[in-house]
There are 4 protein chains.
Amino acid sequence: MNFGSDNASGVHPAIMDALAAANQGHASGYGRDPLTEEAVERVRAVFEAPRAEIFFVGVGTASNALALAQLCPPFGRIFCHRGAHIETSESGAPGFMAGGAQMALIDGADGRVTPAALNDALATYPQDDEHDGLNAVLSLSNATEMGTVYAPERIAPLTAIAHAQDMAVHMDGARFANAVASTGASPAELTWRSGVDALSLGGTKDGCMALEAVILFDPDRARHFSFRRMRAGHLWSKHRFLAAQMLAWLDDELWLRLAGHANAKARTLSHELTQISFAEILNPVEANEIFVRLPQRRIEALRKGGLRAADWPMPGDSDTRMTIRLVTSWATTEAEITALVAALRR
Amino acid sequence: MNFGSDNASGVHPAIMDALAAANQGHASGYGRDPLTEEAVERVRAVFEAPRAEIFFVGVGTASNALALAQLCPPFGRIFCHRGAHIETSESGAPGFMAGGAQMALIDGADGRVTPAALNDALATYPQDDEHDGLNAVLSLSNATEMGTVYAPERIAPLTAIAHAQDMAVHMDGARFANAVASTGASPAELTWRSGVDALSLGGTKDGCMALEAVILFDPDRARHFSFRRMRAGHLWSKHRFLAAQMLAWLDDELWLRLAGHANAKARTLSHELTQISFAEILNPVEANEIFVRLPQRRIEALRKGGLRAADWPMPGDSDTRMTIRLVTSWATTEAEITALVAALRR
Amino acid sequence: MNFGSDNASGVHPAIMDALAAANQGHASGYGRDPLTEEAVERVRAVFEAPRAEIFFVGVGTASNALALAQLCPPFGRIFCHRGAHIETSESGAPGFMAGGAQMALIDGADGRVTPAALNDALATYPQDDEHDGLNAVLSLSNATEMGTVYAPERIAPLTAIAHAQDMAVHMDGARFANAVASTGASPAELTWRSGVDALSLGGTKDGCMALEAVILFDPDRARHFSFRRMRAGHLWSKHRFLAAQMLAWLDDELWLRLAGHANAKARTLSHELTQISFAEILNPVEANEIFVRLPQRRIEALRKGGLRAADWPMPGDSDTRMTIRLVTSWATTEAEITALVAALRR
Amino acid sequence: MNFGSDNASGVHPAIMDALAAANQGHASGYGRDPLTEEAVERVRAVFEAPRAEIFFVGVGTASNALALAQLCPPFGRIFCHRGAHIETSESGAPGFMAGGAQMALIDGADGRVTPAALNDALATYPQDDEHDGLNAVLSLSNATEMGTVYAPERIAPLTAIAHAQDMAVHMDGARFANAVASTGASPAELTWRSGVDALSLGGTKDGCMALEAVILFDPDRARHFSFRRMRAGHLWSKHRFLAAQMLAWLDDELWLRLAGHANAKARTLSHELTQISFAEILNPVEANEIFVRLPQRRIEALRKGGLRAADWPMPGDSDTRMTIRLVTSWATTEAEITALVAALRR
């Protein structure tokens, strides 16, 4: 019963096979190999973005922070939801990569930024002089850290506000595949067609070993990104092994099938939880995460029974009822769901 | 005939098998898995350094720059050979990671720093006031970028000079396995027993897919390194796949056998080159790199015949005779050597 | 009627005289002159801190950011009030100087942090792993940006909480003289005796031309600060002109007399404002700033009549009633107060 | 006999008077005052550059590092003479301000860069891939750190080379007034007409108290500079006192008269030294610095007699003959020259 994180799952066999297949003879390093070229073209095709610039790295935090550094001057402010991973869980990577950029936090239910909340936050940091820093980037996570998603019609109004202030828009897509699978919108609709300038696309949580991509939709914004990646130590020498993961992940929509599986398992589990009187689900389950408040002694019992799940303190928790996060993945089995529900019913 | 770089070679089958074997079920992320614990202990054992702190990352530049940032305050100077990879080929990564640290370059034949040259360089940057910056770190590459090595008796006098000035000593060990195989000295003798404070140990060029380790021999110097790695985006979530590479690489001294193979191939090739009248080898071939000056039309002919090798402009080159670098690897075959020699003799 | 900012006032004549007096012949640069030595000793005496390390700079933002960078590792978090100058008005200087450090904001009435609010903020950023960043510094402004002050008995409980987590405590003393004058506590009581590790002491707003000091009470925490100041471009070459300001400012408690004057003028004005039915003072007036909500048309009329005062949007403002900030200084005259009150009564 | 540094001299009386005159009543802070506006226009007029953007700061290192950071991306390389102040004496300020930029050093006699040496240096750092960093800026000091100057005809060929590689050109003008006075060329000829993109113009060494200006000749390159200055803590609140210095300094060409005085005193002293058999002047004396090699026991005797001058170790020095630097300033008197010569002749 491992619902601790989608990165606790392993690597999908098709990805593993692709790594082995790529391991033939010599190949030029640093992305100057044919597999990389092919993988870049494949990403462009999937996003219907033939002019986009694509860069692969191995870690999601790097993918976020490098993209943000590309969009944000060192004296800029990055606006994001209060619960955004880039604020809470990256040990300051965006500020570091961007040379000291500041964060500005936005409140919002269910992990989502709304136009009203964005406008409020922007009003707090006026743009009239150099004391205030420069409002530079809006970063949205899709799927969000609270297991909800932004459909295109939620994204476009936000990017419009940002662009009206000359701000760029970044999307943290550590779980982008889950958002595509959940909304049914196309990758293009969820990104550049809705005004997103840069996407950090995550493969690792969705069946890869170590694969993330920075997608800069406007090539003018990609200038010198390769230097930025290099000096941060994020250019793989044996780069074909990033490319191989990407190709296998996109082949036959494996990425969406895996994310769809994870989403479906979350829906099933969430449906079961609604049948359990003492379980309180905190927000819509639209991707592969469930936040559920349970009696503390129940949580302890589940953990003794083998459950892996993160504590997730939320407003409204008490000493006796607390929130945990359950994450499903491409590898979550029906048996794990059944076991968890049975344990809860016991 | 690919002698372009040791990172153009693939992944050794034993490493690939280990990756597959590690891909069983769930495992906690971020290094909190049993394989990582085992791999850390194994590195400690190999280096006879039970108190050393060990951190894995995927890219050599990250391994160097993070180690340097740990040793060097933001206003410090890092002394290294003029041809050191950290100066010539990392796009400023050390300065970036260390928050603006400066480099100070040392001249020296065959890619090696000598005590006299180090003293000269230190004299150029006196320590008497805050205008000068702080002399903070000496970084040595072993094997060097010119295919030579430092035996322990070359290292100890250098670290003594550095320590006498309160400077720390870093070793760029992108090809450390080649240095161990070449000198016959133990890992401990080549590092902490000779006064090295931190080693960036490279697996990628020596048969791994993406594996480097930062080894901080003094745990007091390791304080908060994990934060530093995290914020630079270098903490793998599926960390077991770094650990699995390390374990397989160290198993039965695979790392030294692979490096020994590469070294031997370089020796063979170098021996053959000495038989060819128009070929001039520029420095001792002690590891897996050969720098050879050849007639320009010969180089062109070789390249047409399929040779991959880097141009390496050196003092003494002319319009008609230029230097190229030939790198052997764990995967270099006798056939490649034979083919190259035959092409040269043609 | 200039109540725009205390930095809109000029330089006190005694300070100006001291600058002229210091302008005799040659003096060694960079703080190696006798006046600097004397000024450093004087500060130590005033703070009863003979071992403190003292550094002078010309700008308050530099004084804050350099002190914070000294206390905060690049992956650290700096906790401060949501309205703190270091967060709202320094364009990200602390994060820049500290190599990417993050801010964590604390709510609190009247511009003050309370123990409960500090504990809440700390609980939001747990210290259990490297994803969270390191809780490193608590920064308190005294006087606060809302014109209130911390007496020692308010400071000590906050520093105790910080120290219990191994965090350092910084005080933004841009208006420290006003806090001393207001509380009647000694400089030592308001700082190191209450657990403050570093003070950014501001002279510029209190009658100097350009003079701020970083005071590091624990000399062990001052290590290499001089390099940090130098590389940020904050070491004056003609350093005697900083020292001369400091000496004149401290002479005969000029600094406290000037701050006391400013505080008294604010009290007078605030008393007058309480007599005016449509004026609403938002928080206790304990130093030299008044935040007053007025009918919008009154504000416009005052401005037409020559008032200089900053808009200061506050919760509770409406389209017709808005808040402005009135700042008094060492140079505020009775006539200005009278004129403003008369204009309001008109 | 103080020939230690031009910053050991005091403030010219006209500058001091201007500071006193500016100290009337209130003035808006942060450069939003009439004096600043006037001073900016005056600089534009002097440089015949009506579209230039001008920013004042108090310290020369800040002026250099901020200008360089504006021109150089964080992954860029700054090329300068091996003896450039920005490399030897600013504790890494350029790399810090520019977010980790690297230096590349150029050799050259008499402190000057030549086109051939620049081309050699550029050839060492090819631009073909991201490993190498980006060649971004050429920085020239005028007058140089060795007391020589660049006339326009020396500057233009260097800027042409830089611009051909898309590099920007910065001039460290800590002693720019001395260069103007020495060459007789106009400020415009020595800067933008010869291809200089940014000038760090120094007033402090030439009679001011604390005044430096960053001049960005192309307004497109000035974008957001004010944020950069603010976040580095270099925006004075009582900004009128920077502006007042600038106006007085430029009035009636005071700046050139003071620099001309310093240059003339250096010429006189240098002429006297050539008459002294054991004194060896190392390079042309074109500004206000003399580098002279003397018997060590003579140096000791002079110091006992009150001489202030910096040791300046140079190639060719021995244990018995060493080089010292003699700097004249606006305040150097005929009596000091006479005393020094007499002491040497004794």
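This passage describes how chain A and chain B meet in a predicted model.

The size of an interface is often given as the accessible area lost when the parts come together. Here, chain A and chain B bury about 3,900 Å² between them, with carbon and sulfur atoms accounting for 56% of that area. A handful of side chains stand out on one side: A:H26, A:F96 and A:K238 provide 20% of the area that chain A buries against chain B, more than any other three residues. Counted by residues, 48 from chain A and 49 from chain B take part in the contact.

Turning to the chemistry of this contact, 25 residue pairs are found in polar contact across the interface of chain A and chain B, both partners having pLDDT 80 or more. Salt bridges, on the other hand, number zero between the two chains. On the side of chain A that touches chain B, 22 residues are nonpolar, 18 are polar and eight are charged. The elements of chain A that each give two or more residues to this side are the helices α1 (13-22), α3 (60-71), α5 (93-97), α10 (225-231) and α11 (240-250).

The arrangement of the two copies comes next. A turn of 180°, with a shift of 0.0 Å along the axis, lays chain A on chain B with an RMSD of 0.0 Å. The copies are therefore related as by a two-fold rotation axis. Both copies use the same surface, since 100% of the contact residues of chain A recur in chain B.

Notes
Residues numbered from 1 in each chain as written. Chains lettered and ligands numbered in written order. Predicted model: local features only at pLDDT ≥ 70, side-chain atom pairs only at ≥ 80, totals over all residues. Heavy atoms only, no water. Contact = heavy atoms within 4.5 Å. Buried area = accessible area lost by both parts, 1.4 Å probe. Salt bridge = Lys/Arg side-chain N within 4 Å of Asp/Glu carboxyl O. Polar contact = N/O pair within 3.5 Å; in protein donor to acceptor, adjacent residues only side chain to side chain. Helix = DSSP H or I, 4+ residues; strand = E, 2+ residues; numbered from the N terminus. Nonpolar A, V, L, I, M, F, W, Y, C, P; charged D, E, K, R; others polar. Least-squares fit on C-alpha atoms with pLDDT ≥ 70 in both.
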